[in-house]
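User: I'd like to go through this model term by term. Can you tie each label to its cut-off for me?

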Amino acid sequence: MLTLHTAPGSCSRASHIALEEAGLDYQARYVDFARGDQRQPGFLAINPKGRVPALVTDRGVLTEGPAILAYVAALAPEARLAPTDPFDFARMQAFNLYLATSIHVAHAHGRRAARWSDDPAAQASMAAKVSENMSAGFDLIEAGLDGEWVMGDAYSVADPYLFVFSGWLAGDGVDIARFPKVADHFQRMARRPAVQRVLAWEAARAD
């Protein structure tokens, strides 16, 4: 049994969707950020980083979205959630890592600027750049999309990951309509049954 520790609306949503798409036997555990669950000893024993996602397996705990997404795809090859060609797999990982290391960081400068500075003025300055940096990042993503999915005609674990970050654009002051291919991808993802099941699970925990 796999256990995913996840927080609704966070980047861990992508791992949750991937598990649903894979059809694997798993359970999801709600980490309530508002209550500070991520800082409690019980969760820190699972992931000392105090962040989600964290996937508990029979071989230990995996953290970091791109690693978990690749692992889920490898566990369920029949679901075809990742390319089998080594070069194409590396391209998918490059895309996911760009989201993790550039887009996610740009977004976090608005809500988590205290990670980088204790100076209120510096924090405000970082927050002021969020929409500009998110827009620049999504300009690159828009230009690189060619087909219905991130990898072209084949759906992969890169798609739920992009779905998460696309969903953050409005909160970062960026109109997703600026990026027609990204907007189409977001709507296409929202219609997938696995995505709808995860969003329903999250909504039930928000009540």
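What follows is a short exchange about the fold and the pockets.

Analyst: Heads-up: this is a predicted model, where local features need pLDDT of at least 70 and side-chain atom pairs count only at pLDDT 80 or more, while totals for chains, interfaces and linings use all residues. Residues are numbered from 1 along each chain as its sequence is written, and side-chain values use heavy atoms, with hydrogens and water left out.

User: Why does the radius of gyration of the chain agree with a compact globule?

Analyst: The globule rule is 2.2 Å times the number of residues to the power 0.38, over C-alpha atoms. For 207 residues that lands near 17 Å, and the chain has 17 Å, so the two agree.

User: What makes a residue count as buried, and what percentage of the chain is buried?

Analyst: Buried means under 20% relative accessible area (1.4 Å probe, protein chains only). In the chain, 45% of the 207 residues are buried.

User: How do you know which contacts join residues at least 24 apart?

Analyst: A contact is heavy atoms within 4.5 Å. Among contacts between residues at least 6 apart in sequence, 65% join residues at least 24 apart.

User: What makes the lining of the largest pocket nonpolar, polar or charged?

Analyst: Ala, Val, Leu, Ile, Met, Phe, Trp, Tyr, Cys and Pro are nonpolar, Asp, Glu, Lys and Arg charged, the others, Gly among them, polar. By that split, the lining has 16 nonpolar, eleven polar and eight charged residues.

Conventions:
Buried < 20%, exposed > 50% of the residue type's maximum accessible area, 1.4 Å probe, protein only.
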